[in-house]
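Me: Please examine the assignments in this model with me. I should like each term set against its definition.

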Amino acid sequence: MSNLWLGRLAGGVLGLAAWLSIVQAAQKPNLVVFLCDDLGVGDLTPYGARDVRTPHMQQLADAGLLFRQAMVASPSCAPSRAALLTGLMPARNGAEPNHTAPRPDIKKLPAYLQEMGYEVAAFGKVAHYNHGSRYGFDVVAGEGFARHEGIRLAVEFLERRQSTKPLCLMVGTHWPHVPWPENEGYDPQAIEVPPTHVDTPATRQWRTRYYTAVTKADEHLGQVLAAVRRKLDPERTYLFFSSDHGAQWPFGKWNLYDAGIRVPLIVVGPGIQPGSQTDALVSWVDLLPTLVELAGGTPPEDLDGRSFAAVLRGERATHREEVFATHSGDGNFNVYPIRALRDGRWKYILNLHPEYQHATHINRTAGPDRADYFPSWEDAARTDAVAAAIVARYKQRPREELYDLASDPHEQHNLADRPEHAERLARMRAKVASWMRAQGDTGRVYGEPLLLGQPATIIPQGAGKDKKNSSKKSPPAKAGS
């Protein structure tokens, strides 16, 4: 056999292999994930908000599947995003307090998809600030605090992209994270104030600024949606829309109430019924295995997350029976470790150190994170019993909390001391204790706590960030003890 013939045969085989590679790539769906930063689930029109403008979010809901019970693993930025990108809960991936990253030895979402031939790009706040390079993305840009060029960079990337690889594009807007912009077109007197808040003029003014930030997030979504529609085939593109946790209001971010851990989740893509909704209970740790399955892979069984691709395909109406959530702290802010168990109706919350005062950036920072409405709550509390109860509840929590979400969606009536719920309380308490042991979760305290009765002194902005050695060691927590 001549060398020429062998050369031609080898060239033909290589050509066939390249052709097959292109065909296989064309069959894999593109995956687009758009993330908001600190967007409460009740503050967009698809979830019932009546006084905020979110037309692009509404368009997504009209075109896809809306999850009514989507939860995050943790209600602060870095732990929540690390859970999404690893499929593991915070105690298992190592990113427990805010501003930390998962252990470098853990396999992360980009690696799973890259093994299947994907290009994986992240623009804006996808991982925590400037953590993107630790996750192994092919492209990372526009990550820094309060930076908004990530949206423009994502659009430019799509416009000039020539690769034939299937694409996983992750885009994060900084909005509506603080600092909130000046009010643009919202009437403070016309908006609703949540029942968990103290209704003061300052509260209303700051909510208009928060709503302005929500609308800016919606505008960013619209820009990305337009580019995706121009450049990616809708017949083989899935788009996921969500938020990393609730808004920076009392009882939202840094809390395990639904205002902190229940998030919007809308998915649009081939085979998904437009305008549909589901009560399937899902967690953010489920996103990684879901994306892997949609890409044609088999998710590992040792993850905490479980794929809900069958829900997207309409093959199942349910997913999980229950989810767990966890919070530790943020430097020396909100040093208040909490664990929770939630099913479709009931929520159990374990405050590991009720002797600590619950205090956050809301009442302890003088930096750009500050929104100056909380002093008006404290002023109102001096003469108004309802305001006094809200402020007291913000600062001091009991060891255990139990809520019937069907009758009390704002979690205002703690049933933990009610005899008729003693059996349910004991059962959920035991589940949390067992789960913590299985996770290797010792209830470690990160940062210096503020004890009940101590004044909530101001902490300089940025104090304690990325300092794992500032954590306190505490004995393993015993649920309900």
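Me: What makes S11 and S12 a pair of strands?
Reply: Two strands (DSSP runs of E, at least two residues, numbered from the N terminus) pair if DSSP finds at least two bridges between them. S11 and S12 run antiparallel and are joined by 5 bridges, so the criterion of at least two is met. In S12, Lys347 is the bridge partner of Arg342. This is a predicted model, in which local features need pLDDT of at least 70, side-chain atom pairs count only at pLDDT 80 or more, and totals for chains, interfaces and linings use all residues. Residues are numbered from 1 along each chain as its sequence is written, and side-chain values use heavy atoms, leaving out hydrogens and water.

Me: Why are S10 and S13 called edge strands?
Reply: The open sheet has 4 strands in the order S10-S11-S12-S13, with antiparallel pairing. S10 and S13 each pair on one side only.

Me: How do you know that the span of H14 is close to the one expected?
Reply: The expected span of a helix (a DSSP run of H or I, at least four residues) is 1.5 Å times one less than its number of residues. H14, residues 422-439, has 18 residues and reaches 26 Å from first to last C-alpha, close to the expected 26 Å.

Me: Why are the buried residues of H14 placed on the same side?
Reply: Buried means under 20% relative accessible area, and exposed over 50% (1.4 Å probe, protein chains only). The buried residues are Leu425, Met428, Val432, Ala433, Trp435, Met436 and Gln439. They cover an arc of only 165 degrees, taken from the directions from the helix axis to the C-beta atoms, and therefore lie on the same side of H14. On the other side, Glu423, Arg437 and Ala438 are exposed.
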